[in-house]
Every structure is written in structure tokens, then in C-alpha cells.
Amino acid sequence: MDGLTPAEVRAPGQWQIGTVTSIKPETPRVKSFRIALPMWMEHLPGQHYEVRLTAPDGYRAQRSYSIASSPLDAGGIELTIDRLEDGEVSPYFHDVVMEGDEVEVRGPFTSYFVWRGERPVLLVGGGSGVVPLMSMLRHRRLTMPDLPMRLLYSVRHPDDVIYADELGDDAVLTFTREAPDGWAGHVGHVDLDLVAQVAASLMPGTAFVCGSDGFVEAATKLLLGAGFMEREIRTERFGATGQA
Ligand SMILES: Cc1cc2nc3c(=O)[nH]c(=O)nc-3n(C[C@H](O)[C@H](O)[C@H](O)COP(=O)(O)OP(=O)(O)OC[C@H]3O[C@@H](n4cnc5c(N)ncnc54)[C@H](O)[C@@H]3O)c2cc1C
């Protein structure tokens, strides 16, 4: 490390070994992992980390996971991982990783899909696409609770709601397959009426959209239809097609 300044030593490109300090089941197929980092550095809400698994024979698998926590939550990060049945990395986290285990990560990454305090803000998430949006919501609640920001969140079933205990008046949900008993809110995919209704007090403003490829495509078209400027719509795709 001779010759490197502390800032370079802490550069995001460095792999580091984090320790899983807590695991919280969010839904039957989603868990949040709190990871303490020896080289923790402040992130911007919306950024992600890379996670790398190495098998005993040297085979490696690497995936990206958004940061769910606020940058004020110092010393570590929270990652929220959806378990894909036929996946490589996400089932490992769900079925193998336990509190106290070490995991290899590096980050934070991305400079485009980040919230730097712009206002007003509409967040549109499908399924686990809510993760980076939650970092924005949490950070806004801690730093600028009066800043206009609302989350429009599309989930399939009642038990698919991630961060259910943290969603308040600033979140509007739609259930695409099955709504909870007595649900009086929106059902079905996000549509123009719903976007226009949730965005009414937030325009002109910035929109952040995150989810599967299909969800991001559809939601972006609706935001344009509702009057958002193209340059004010930032998107993050988690991969795979289909909608929440
Ligand atoms: C910038 C970025 C941030 C991300 N943040 C998160 C996050 O916060 N939480 C999270 O759970 N995931 C997130 N992802 C997705 C994550 O990186 C992995 O793609 C996902 O966990 C699947 O990895 P796997 O090894 O389990 O499955 P793989 O072995 O990669 O894939 C198994 C099967 O699942 C399909 N598949 C792959 N990715 C997805 C997907 N995203 N949705 C549905 N099917 C898929 C594949 O086509 C394949 O058939 C993010 C992706 C990106 C690019």
C-alpha cells in the first residue's frame, strides 16, 4: 500500500471481506442482509455493490446488489436479495449464508441512478426493484422529511411486499395478481391513471424506475405519457423480462 493515500485505499474498486451481522426475512423469498465493512465508504442512494462467491475449485460467480440502507447508516450496508429458484448466487445467500459469515464485496458503483437531493421525486419500483428506491426513501426520511417524494410500488401478492413495516403514507401499492382481503387500493399493473394520480403533486420532477426489464420499459412509457421529461427519468434494470 506504499504511496497510496487513504482515499485511494478506500476506492470502490477494491474487493473487501464484509461480515454478515444480521439477516432479516422480508417476505417468503426475500431477505435483507446487514453487512459490516472494514473499508466502508459513504454511498449515494441508488448505488449498488458487487458480490463475489468463490468455490473451493476457484470457480467464481459475481452479481450486483443495490444498497437498501441510507448512507447515514455508517459502517456497513444492507443488501436485500430475492431468491431465484434456479439461480446461482441468490439461493446461496438464502440457504447458506448465516449471521457471522464473511462475504466478498466491492462498491459502491454507478453514478447515473443516484439521488442527490433533487426534488420532487417519484419512485417507481416493481418487485425487488424497490431496493435502491428504499435507500432513497430512508435517506430522505432521515435528512429531508419534508421533501416531496412518493413511492409507487408494484407487487404480485400480499406476502410479496418488501419493507412492509416501513411503508407509510409516502407509498402507494398496486397488487398485480392478488390483493389483500379488504384492499381498497389499486389492483393490476401500473397504468397511466395510477401514475398520473401519484405523480400529480410531483411534477415537474425527477423519476427513478427500477425492476425487471419489462417493468422498466412499461413504467418509463407511462411516465412519459404522464408528462415527465425524458431526461428526468432515471432507470435501473435488474435483468430478466416479465413484470411484477
Ligand atoms: C445494478 C443491479 C442491481 C441489482 N440489485 C438487486 C437487488 O437489490 N436485489 C436482488 O434480488 N437482485 C438484484 N439484482 C439482480 C442480481 O444481480 C442477480 O441478477 C439476481 O440475484 C440473480 O442472480 P442468481 O445468481 O441468483 O441467478 P442467475 O444464476 O444469474 O440466474 C438464474 C435464472 O434467473 C434468471 N434471472 C437472472 N436475473 C434475474 C432477475 N433479476 N429477475 C428474474 N430472473 C432473473 C436468469 O435468466 C436465469 O434463468 C441487481 C442487478 C443489477 C444489474
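In the predicted model, G182 lies in the loop that connects β9 to β10. This glycine has a relative accessible area of 79% and is therefore classed as exposed. Its C-alpha atom is 24 Å from that of V124, a residue 58 positions away along the chain.

The strands on either side of this loop belong to an open sheet of 6 strands, ordered β10-β9-β8-β7-β11-β12 and paired in parallel. β10 (186-187) and β12 (233-237) form the edges, each pairing on one side only. Within the sheet, β8 (residues 149-155) and β9 (residues 171-175) run parallel and are joined by 5 bridges; Y153 stands opposite L173 of β9. Helix α4 (residues 192-199) packs on the sheet with contacts to β7 (121-126), β8, β9 and β10, and its direction makes about 155° with that of β8. Helix α5 (residues 213-226) lies across β7, β8, β11 (206-211) and β12, at about 160° to β11.

Most peptide bonds are trans, and most residues other than glycine have a negative phi. Departures from both patterns occur in loops of the model. The bond between R119 and P120 is cis, with omega about -15°, and P120 is located in the loop between β6 (102-109) and β7. A cis bond also leads from M203 to P204, with omega near 0°; P204 is in the loop between α4 and β11.

T110, in the loop between β6 and β7, has a positive phi near 90°. Its relative accessibility is 27%, so T110 counts as partly exposed. In the loop between β8 and β9, Y163 has a positive phi of about 60°. Y163 is buried because its relative accessible area is 0%, below the 20% cut-off.

Definitions and conventions: Residues are numbered from 1 along each chain as its sequence is written. This is a predicted model: local features need pLDDT of at least 70, side-chain atom pairs count only at pLDDT 80 or more; totals for chains, interfaces and linings use all residues. Side-chain values use heavy atoms; hydrogens and water are left out. Two strands pair if DSSP finds at least two bridges between them. Helices (H or I, at least four residues) and strands (E, at least two) are DSSP runs, numbered from the N terminus. Contact means heavy atoms within 4.5 Å. Axes are lines fitted to C-alpha atoms, for helices over the stretch in contact, and angles run from 0 to 180 degrees between N-to-C directions. Buried means under 20% relative accessible area, exposed over 50%, partly exposed in between (1.4 Å probe, protein chains only).
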